Amino acid sequence: MEFSDISEYYDVHARSWATQYDVKAQTMHSPVRDRTKTVSGLRTLRASEEMVLEIAAALDAHRIFDLGCGFASSLLYMANIKPEIIYSGICASDTEMELARERIRDAGRVQTVSVFRGDFEDGRNYRVFPAQDIVFALDSWHHARQPQKTLNLLASLVRPGGRLVVVDWFRVSDGDDLRPGELACLDQWQDAAGLPAIQDLSAFHAASDEAGFARVSDRPLGEDVALSGIAAMAMKLASPLVGGLDKATRQVWQARLAAEQARRKGLLDYRAIELIRP
């Protein structure tokens with residue numbers, strides 16, 4: 001899978017979601033959960049955004065970079081809480097960028113929040129940016145086709161003492177232990193979610209070590225983002241109805257259900273990883 005494939009995938013999703021919803025209120029990557037309330041069936045990022053803000057407060061951060069900002073939902077949420085920080089983000093598609101910039105203008109944040117379209121694995125995209133206090137990837141790291149190369153690049157973007165925060169799904173089962181049906185489950189999720197690869201957790205940590213990062217924390221968030229049993233069953237029962245939806249929405253439904261099935265089998269886990277650049 002090439003960057004052009006990922007860009008096209010998100011262009012399709014962006015157009016679909018923009019048609020069906022008011023993207024200023026409900027978007028991909030929109031925070032819809034806090035620590036006291038869960039919305040079943042949606043993979044949500046509010047707790048992860050709060051984690052980044054807590055790190056920002058501890059570091060007295062001045063610059064934060066979103067590695068896969070989508071419609072800038074996370075950046076705008078953080079800017080509302082800590083407006084003194086300079087926020088930057090990279091997204092995969094032109095449609096996402098246009099919608100993100102519109103939202104930034106509407107929020108009156110053009111002086112402190114900026115986004116651009118590009119491949120986060122292309123080092124040329126970071127040449128104009130000073131070293132960042134925090135770089136975070138919330139639900140976007142799974143699009144890395146060359147994790148080691150990307151981590152090496154990010155080691156130059158993050159300032160010494162700064163943090164790289166990655167929150168995403170990782171493969172946690174040894175491939176030799178997987179049965180054919182379980183492999184099919186992982187393949188289904190990978191195809192439905194438009195992923196270049198399902199990254200192994202231990203391989204990610206080995207790559208981050210090689211890039212010069214040190215681990216601060218690594219904890220599971222699977223229970224926070226997984227579908228409830230009732231929601232998963234409802235999605236199975238509703239699968240014939242899903243066929244009447246547009247392709248992009250069907251892919252989202254299929255990806256959520258397949259990811260939950262893989263998590264329940266112990267194949268995948270949703271992790272929050274904090275790394276420091278010494």
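A residue counts as buried when its relative accessible area is under 20%, as exposed when that area is over 50% and as partly exposed in between, using a 1.4 Å probe and protein chains only. The legends below describe a predicted model in which local features need a pLDDT of at least 70 and side-chain atom pairs count only at pLDDT 80 or more, whereas totals for chains, interfaces and linings use all residues. Residues are numbered from 1 along each chain as its sequence is written, and side-chain values use heavy atoms, with hydrogens and water left out.

**View 1. Salt bridge between lysine 82 and glutamate 84.** A salt bridge is taken here as a side-chain nitrogen of Lys or Arg within 4 Å of a carboxyl oxygen of Asp or Glu, and a search of the whole structure finds nine of them. In this pair the closest N and O atoms are 3.2 Å apart, and lysine 82 is buried because its relative accessible area is 18%.

**View 2. The open sheet and two helices that pack on it.** Helices (H or I, at least four residues) and strands (E, at least two) are DSSP runs, numbered from the N terminus, and two strands pair if DSSP finds at least two bridges between them. Seven strands form the open sheet in the order S3-S2-S1-S4-S5-S7-S6, with mixed pairing. S3 and S6 (214–220) are the edge strands, each pairing on one side only, and the twist from one strand to the next averages 15°. S1 and S4 run parallel and are joined by three bridges, with valine 135 in S4 as the bridge partner of phenylalanine 65. Helix H4 (residues 94–107) touches S2 (86–91) and S3, and its direction makes about 165° with that of S3. Helix H7 (residues 201–210) touches S5 (158–171), S6 and S7 (268–276), and its direction makes about 15° with that of S7. Contact means heavy atoms within 4.5 Å; axes are lines fitted to C-alpha atoms, for helices over the stretch in contact, and angles run from 0 to 180 degrees between N-to-C directions.

**View 3. Aromatic pairs, including phenylalanine 65 with tyrosine 126.** Rings of Phe, Tyr and Trp (its six-membered ring) pair if their centres lie within 6.5 Å, and planes under 30 degrees apart count as stacked, over 60 as edge-to-face and the rest as tilted; by this rule there are seven aromatic pairs. The rings of phenylalanine 65 and tyrosine 126 are edge-to-face, because their planes lie at 75°, with the centres 5.7 Å apart. Phenylalanine 65 belongs to strand S1 (residues 63–67) and tyrosine 126 to the loop between S3 (113–117) and S4 (132–138), 61 residues apart. Phenylalanine 65 is buried at a relative accessible area of 0%, as is tyrosine 126 at 7%. Phenylalanine 120 and tryptophan 141 are stacked, 6.2 Å centre to centre with 5° between the planes.

**View 4. Salt bridges of arginine 117 and arginine 271.** Arginine 117 in strand S3 and aspartate 94 in helix H4 are 23 residues apart, and their closest N and O atoms are 3.4 Å apart. Arginine 271 meets aspartate 218 at 3.0 Å, N to O; the former lies in S7 and the latter in S6, so the pair ties together parts 53 residues apart in sequence. Arginine 271 is buried, with a relative accessible area of 13%, whereas aspartate 218 is partly exposed at 22%.
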